[in-house]
Amino acid sequence: MADGDSPWVEPMRKMTAMAGSAVFLVIAPGVVAGLVPWWLTGWQVGSRYPVPVRAAGWAMITAGAVVLIGAFAQFAVDGRGTPAPVAPTEQLVVRGPYRYVRNPMYLAVTAVITGQGLVLGRPVLLGYAGVVAAAFVSFVYGYEQPTLARRYGAEYEAYRRAVPGWWPRIAPARRVPPA
């Protein structure tokens, strides 16, 4: 807490960040991984994929949702901000799933969509997952990485060296810049 701040300032920042993250969760991933797949399929089952494939789909949906919600919470609690570019975090978020991979939200959303395609037996969702993944990669390289490098400087560059962008590590990074 900064000198002169009320003891309520920090809790209010976190509450505001949590509310903003929740709204952005509904708007962005909610549309990309919920509304658009529904528009494409009406949640109607297509081909009946084998049980192990459907089980893998359910596992991907579950894991993706857990990682996504956890990552959004991490932004609010540790970063005191949101994943939305209009309300970014005050601090670089390097804890939780961000110790394993730099882009857990994008991977989680892609996993949810892919899982839906496997559960429903709808190849259109698998194609859509590919398009979404390509859009995420373009956004990360074209906007997000340069923006984070400008905003956080050497701290972000050290984080980039320590944690892979797209292929999660098995063990968390040992030397991640302090949050």
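## Buried charge, salt bridges and a pocket

Arg95 has a relative accessibility of 46%, which puts it in the partly exposed class. The classes work like this: buried is under 20% relative accessible area, exposed is over 50%, and partly exposed is in between, using a 1.4 Å probe and protein chains only.

Some ground rules. This is a predicted model, so local features need pLDDT of at least 70 and side-chain atom pairs count only at pLDDT 80 or more, while totals for chains, interfaces and linings use all residues. Residues are numbered from 1 along each chain as its sequence is written, and side-chain values use heavy atoms, with hydrogens and water left out.

Back to Arg95: its side chain meets that of Asp78 in a salt bridge, 3.7 Å from N to O. The term covers a side-chain nitrogen of Lys or Arg within 4 Å of a carboxyl oxygen of Asp or Glu. Both partners sit in the loop between α2 (51-77) and α3 (104-120), so the pair ties together parts that are 17 residues apart in sequence. Helices here are DSSP runs of H or I with at least four residues (strands: E, at least two), numbered from the N terminus.

How many salt bridges does a search of the whole structure find? It finds two. Besides Arg95 and Asp78, there is Glu157 with Arg160, whose closest N and O atoms are 3.9 Å apart. These two are three residues apart in helix α5 (residues 154-162), which means that about one helical turn separates them.

Here is how some of the residues in this report score on accessibility:

| Residue | Relative accessibility | Class |
|---|---|---|
| Leu125 | 0% | buried |
| Asp78 | 13% | buried |
| Glu157 | 29% | partly exposed |
| Arg160 | 31% | partly exposed |
| Trp43 | 37% | partly exposed |

Now for a charge without a partner. Glu144, in helix α4 (residues 123-152), is buried yet has no salt bridge. The nearest side chain of opposite charge, Arg102, is 7.5 Å away; Lys and Arg count as positive, Asp and Glu as negative, and His and the chain ends are not counted. What Glu144 does have is a side-chain polar contact with the side chain of Tyr106 at 2.7 Å. That means N or O atoms within 3.5 Å, where within protein one must be able to donate a hydrogen and the other to accept it, and residues adjacent in sequence count only if both atoms are side-chain atoms. Leaving out neighbours within four places in sequence, Glu144 is in contact (heavy atoms within 4.5 Å) with Asn103, Tyr106 and Phe139.

Glu144 turns up again in the largest pocket, which holds about 740 Å³ of space. Of the 36 lining residues, the closest to the centre are Phe75, Pro83, Tyr106, Phe139 and Glu144. Helix α4 gives the largest share of the lining, eleven residues.

Leu125 is also in α4. Not counting residues up to four places away in sequence, Leu125 touches Pro37, Leu40, Thr41, Ile113, Gln116, Gly117 and Leu120. Leu125 and Val36 are 89 residues apart in sequence, with their C-alpha atoms 9.4 Å apart.

One backbone oddity to finish: Trp43, in the loop between α1 and α2, has a phi near 60°, a positive value in a residue other than glycine.

Conventions: On a 1 Å grid over the protein atoms alone, a cavity is a set of points where a 1.4 Å probe fits but cannot get out, and a pocket is an open set with protein on both sides within 12 Å along at least five of seven lines; lining residues have an atom within 4 Å of a point. Grid points are joined across faces, edges and corners, and a volume is the space filled by probe spheres set on the points.
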